[in-house]
Amino acid sequence: MTKKNQTLGEFIIENQSSFQYSSGELSKLINAIRLAAKVVNHEVNKAGLVDILGAAGDTNVQGEDQQKLDVFANEKFIKTLTKREIVCGIASEEEDSFISINSSDEKHQNKYVVLIDPLDGSSNVDVNVSVGTIFSIYRRVTPVGTPVTIDDFLQPGNKQVAAGYVVYGTSTMLVYTTGDGVNGFTLNPALGTFYLSHPKMQFPVDGKIYSVNEGNYVHFLQGVKDYIKYCQKEEGDRPYTSRYIGSLVSDFHRNMIKGGIYMYPKSSVTQNGKLRLLYECNPMAFIAEQANGLAVGGKNRIMDIEPKELHQRVPFFCGSRNMVEKLQEFLNKYH
Ligand code: P6P
């Protein structure tokens, strides 16, 4: 149930009964992510002052070590999730391997693992362009009470119990799903409270925005090249508009509101594409499908891919249903 201007806390309480697993832990988990997002948001908003506060690696005017924001975000999310002893394991795009968390009171009793991209698009921070945090939550598959193993993290996206992102843009939003639709909450920075501003978000079934780094055009598969030319052709409701921020969360968020397709194809330069299956593609695919959109790697559904390793990269096409299906028509002609 959704009521406009409900706070995130009220929403979680009111809707936790609809969550099929132990709702208490998941609610605590979303609350922990909310807290970390507010801390990171404060730091991201200060980034513009880095010349005054000191660049990463320097000490700032307070004599504190100025951290790179992605390092800072990574540490904040890991610390917040660990301290609250809600999860039994964490994997971060910024860490080579996963982190096993031994809860102090009952050994390893927690059931969830979190995979996180703490600050996606962080290179945009230096030029004051929006960035995001992406998270993905699974139930562990190994026995409760034992340390997590890699198997708890190498699960297909169709096993996710929750996924979401924070977009640090002109306003800061937390958008997430627990498998019962997608809801967006906007932070009121004056109060430090997230309010339900975008209930039941849905991708328009069609759209006029295509998002791809066309600088890589010459390296794309022929099917992708043909689709881009289709988007640019004067015919019917085309040409479409090209919009590419270079920050997945921002491009995805805009396309989900206005209609559009985001593409990061594989190419002769990046054999498997650039985006990571576990930290970026699966969570965004879960959100997309819950918002009546599509997310594919080509012919295949992203969330059906069986992961082979933590930092596996896959081609990624995601957005309005009709646009993704049209792209697949072009891909199927050749491959
Ligand atoms: P390129 C950011 O590094 C990211 O992972 C996504 O957020 C973004 O869409 C993409 O890579 C940008 O990559 O190669 O176009 O600069």
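**View 1. Secondary structure and overall dimensions of the predicted model.** In this predicted model, the secondary structure of the protein is made up of eight helices and 13 strands. The radius of gyration is 20 Å, close to the 20 Å that the globule rule gives for 335 residues, so the protein is as compact as a globular protein of that length. Taken along the principal axes, the box that the C-alpha atoms fill comes to roughly 60 × 50 × 40 Å.

**View 2. Burial, contacts and surface of the whole protein.** Out of the 335 residues of the protein, 54% count as buried. Among the contacts with a separation of 6 or more, 65% are accounted for by residues that lie 24 or more positions apart. The accessible surface comes to about 14,500 Å², and 49% of this surface belongs to carbon and sulfur atoms. As for the charges, the protein has 35 positive and 37 negative ones, and the mean positions of these two sets are 5 Å apart.

**View 3. The stacked pair of Phe98 and Phe153.** The structure holds 12 aromatic pairs, and one of them is formed by Phe98 and Phe153, whose rings are stacked at 4.9 Å centre to centre with 25° between the planes. This pair links distant parts of the chain, 55 residues apart, with Phe98 in the loop between β1 (87-92) and β2 (99-100) and Phe153 in the loop between β4 (131-139) and β5 (162-168). Phe98 counts as partly exposed because its relative accessibility is 24%, which is not under the 20% that defines a buried residue. Phe153, with a relative accessibility of 0%, therefore counts as buried.

**View 4. The stacked pair of Tyr176 and Phe185.** Another aromatic pair is formed by Tyr176 and Phe185, which are likewise stacked, with a distance of 5.9 Å centre to centre and an angle of 20° between the planes. Tyr176 is buried, since its relative accessible area is 6%, and Phe185 also counts as buried, its relative accessibility being 0%.

**View 5. An aromatic cluster of four residues, Tyr227, Tyr230, Tyr240 and Phe330.** In this view the residues to find along the chain are Tyr227, Tyr230 and Tyr240, which together with Phe330 form one aromatic cluster. The cluster can be viewed against the background of the 12 aromatic pairs that the structure holds.

Conventions: Residues are numbered from 1 along each chain as its sequence is written. This is a predicted model: local features need pLDDT of at least 70, side-chain atom pairs count only at pLDDT 80 or more; totals for chains, interfaces and linings use all residues. Side-chain values use heavy atoms; hydrogens and water are left out. Helices (H or I, at least four residues) and strands (E, at least two) are DSSP runs, numbered from the N terminus. The radius of gyration is taken over C-alpha atoms; the globule rule is 2.2 Å times the number of residues to the power 0.38. Buried means under 20% relative accessible area, exposed over 50%, partly exposed in between (1.4 Å probe, protein chains only). Contact means heavy atoms within 4.5 Å. Accessible areas come from the Shrake-Rupley method with a 1.4 Å probe; for residues, only the protein chains shown count as cover. Lys and Arg count as positive and Asp and Glu as negative; His and the chain ends are not counted. The place of a charge is taken as NZ of Lys, CZ of Arg, CG of Asp or CD of Glu. Rings of Phe, Tyr and Trp (its six-membered ring) pair if their centres lie within 6.5 Å; planes under 30 degrees apart count as stacked, over 60 as edge-to-face and the rest as tilted.
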